[in-house]
Each structure stands twice: as C-alpha cells, then as structure tokens.
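Q: Please take a close look at one part of this model and describe what surrounds it. Then say how that part fits into the rest of the fold.

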Amino acid sequence: MAEMNAVARFFVNTFGARRNRRRWRWIREHLALPPGASCLEIGPGNGSMAALLVEGLAPQRYLAMELDARQLSAAREYARKHPLEGSRGALSLERADMLHLPLPDRSIDAAFAFVALHHASPSHRDFSRVPDALAEIDRTLRPGGYLVYEEFVHKEKIRRWLDDHRFARVAVRQGWAREWVIARKPG
Ligand SMILES: C[S@@+](CC[C@H](N)C(=O)[O-])C[C@H]1O[C@@H](n2cnc3c(N)ncnc32)[C@H](O)[C@@H]1O
C-alpha cells in the first residue's frame with residue numbers, strides 16, 4: 001500500500017467537511033439503494049464521509065475498512081465526537097486491507113472508495129495492484145451493486161477495468177483533476 005506521511009494525513013483528515021458535503025450532494029442525486037442495504041467503504045480515513053453516508057443513506061450496515069491503524073484511531077475518535085442520531089448501530093470501523101476484504105462474496109450493495117483505490121499499489125503512480133483491489137470489491141458486490149469512487153490518478157485505467165467487467169456507468173463527474181464515478185455491476 002502507499003502509506004500517507006504525517007503531512008498528508010493532516011490535510012486529508014482536517015479539510016474535509018466542504019468536500020464531503022459536495023460528494024454527498026452528488027451521490028444523493030445519482031444513487032438509490034434498496035432498503036436495508038449493506039455498504040462498504042475502503043480507506044475511510046478519518047471516517048467523516050462514512051458518518052455522512054450513514055446518516056444520509058440509512059443503510060442497515062456500513063462497514064468502513066481501513067488498513068492504517070492511526071487512521072482507524074482517527075475514525076474512531078471522529079465517531080465518538082460525532083455520534084450518529086438515527087443509524088447509530090449501522091457503522092462499523094474495522095482494520096482490513098482492501099486487497100483482502102474479510103467479507104463473503106456478493107454481500108454488499110454499495111462500495112465507496114474516496115481517493116483510496118490507488119493506495120492498493122506501493123506508490124501512487126503504480127497501477128499494478130489497483131485491478132486486484134477492484135476485483136476484490138467486485139467479489140463482494142451483489143449483482144446490480146454499486147461502486148462509487150473518487151480518484152485523481154489512473155482514472156482512465158479504472159474506467160477501462162470497469163468497462164471490461166461490464167459495469168454500467170450510472171454517473172460520472174469530471175473535475176479539473178478528480179473524477180467521481182458511480183458504476184453498477186451487471187445484475
Ligand atoms: C487519501 S486517503 C483518503 C481518506 C478518505 N477516504 C478521504 O477521502 O478523506 C486514503 C486512505 O486509504 C487508506 N488505505 C491505504 N491503503 C489501504 C488498504 N490497502 N486497505 C484499506 N485502506 C487503505 C489510507 O490509510 C487512507 O486512510
């Protein structure tokens with residue numbers, strides 16, 4: 001995995017509120033989940049986006065899987081300081097590697113990855129392990145399940161991988177550097 005240094009961690013964990021609200025407004029417009037949905041987030045960082053999605057989507061369970069123990073502590077601290085009103089029991093924060101998700105096949109309705117997929121490889125410019133992460137997410141998704149992600153590297157290659165695996169593009173938003181994609185696994 002590509003580890004973040006202390007400075008990167010500080011920026012990722014500190015300046016997220018406005019960015020998270022923009023993400024949520026866009027997701028709300030384009031994503032419809034079945035009642036009682038099971039969600040997965042890989043690389044949740046400080047967990048603030050997970051909290052927004054749990055409140056907004058009201059899933060039955062939201063499994064946030066983070067490899068870095070310091071980030072996991074930050075996410076647990078965030079959850080402690082920002083208790084969720086309605087969906088308290090849905091959020092679970094676990095230590096896990098996106099390349100080996102401790103989840104059964106076809107158990108997830110929507111997987112989220114915000115600026116996390118490229119961390120599958122040892123360095124940001126290296127695409128080599130990203131297909132493994134995508135395959136692992138694909139394994140856990142139910143037919144018709146969604147992958148929602150934001151990336152600033154390997155954008156075309158990730159889209160090509162999804163096309164090759166017959167994911168349909170539900171929505172794409174391309175910004176100056178980043179893109180947001182909602183893709184649907186064939187049903
Ligand atoms: C750039 S941060 C993004 C954090 C958060 N999603 C956000 O948008 O603020 C990438 C996150 O992925 C985590 N990560 C890196 N490699 C991982 C892996 N193999 N499995 C799970 N999480 C990983 C990092 O520790 C970090 O928290």
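A: In this predicted model, strand 1 and strand 2 run parallel and are joined by five bridges. One of the paired positions is Glu-41, whose bridge partner in strand 2 is Ala-64.

Strand 1 itself covers residues 38-42 and is mostly covered, with five of its five residues buried. Buried here means that 20 or more other C-beta atoms lie within 10 Å of the residue's own. The covering reaches both faces of strand 1: Ser-38, Leu-40 and Ile-42 are buried on one side, and Cys-39 and Glu-41 are buried on the other. Glu-41, the residue that bridges to Ala-64, is thus among the buried ones.

Part of the surroundings comes from helix 3, residues 48-57, where Met-49, Ala-50, Ala-51, Leu-53, Val-54 and Leu-57 are buried. In an α-helix there are 3.6 residues to a turn, so residues three or four places apart point the same way. The buried residues of helix 3 pack against strand 1, and also against strand 2, strand 3, strand 4, helix 2 and helix 4. Just after helix 3 comes Ala-58, which has a positive phi near 45°.

The next step is the sheet. Strand 1 belongs to an open sheet of seven strands with mixed pairing, in the order 3-2-1-4-5-7-6. Its edges are strand 3 (91-95) and strand 6 (168-174), each of which pairs on one side only. On average, direction ignored, neighbouring strands of this sheet are turned by 15° against each other.

Towards the strand 3 edge, strand 2 (residues 61-66) runs parallel to strand 3 and is joined to it by five bridges. Tyr-62 stands opposite Leu-91 of strand 3. Two helices pack on the sheet. Helix 2 (residues 17-30) touches strand 4 (108-114), strand 5 (141-151), strand 6 and strand 7 (179-184), and its direction makes about 150° with that of strand 6. Helix 4 (residues 69-81) touches strand 2 and strand 3, with a direction that makes about 160° with that of strand 3.

In the sheet order, strand 4 follows strand 1 and strand 5 comes after strand 4. Strand 4 and strand 5 are parallel and share six bridges; in one of these pairs, Phe-114 has Glu-150 in strand 5 as its bridge partner. Strand 5 is also mostly covered, with eight of its 11 residues buried.

Phe-114 turns up again at the ligand. The ligand has 22 residues around it, and those that come nearest are Gly-43, Gly-45, Asp-68, Phe-114 and His-119. This shell is made up of 14 nonpolar, five polar and three charged residues.

As for the whole protein, 39% of the 187 residues count as buried. Of the contacts with a separation of 6 or more, 72% are between residues 24 or more positions apart. The C-alpha trace spans about 40 × 40 × 30 Å along its principal axes. There are six helices and seven strands, and along the sequence they follow the pattern α-α-β-α-β-α-β-β-α-β-α-β-β. The protein is as compact as a globular protein of its length, because its radius of gyration of 15 Å is close to the 16 Å that the globule rule gives for 187 residues.

Terms used. Residues are numbered from 1 along each chain as its sequence is written. This is a predicted model: local features need pLDDT of at least 70, side-chain atom pairs count only at pLDDT 80 or more; totals for chains, interfaces and linings use all residues. A residue is near a molecule or strand if its C-beta atom, placed from the backbone, lies within 6 Å of it. Ala, Val, Leu, Ile, Met, Phe, Trp, Tyr, Cys and Pro count as nonpolar, Asp, Glu, Lys and Arg as charged, and the others, Gly among them, as polar. Helices (H or I, at least four residues) and strands (E, at least two) are DSSP runs, numbered from the N terminus. The radius of gyration is taken over C-alpha atoms; the globule rule is 2.2 Å times the number of residues to the power 0.38. A residue is buried if 20 or more other C-beta atoms lie within 10 Å of its own, exposed if 12 or fewer, and partly exposed in between; C-beta atoms are placed from the backbone. Two residues are in contact if their C-beta atoms, placed from the backbone, lie within 7 Å. Two strands pair if DSSP finds at least two bridges between them. Axes are lines fitted to C-alpha atoms, for helices over the stretch in contact, and angles run from 0 to 180 degrees between N-to-C directions.
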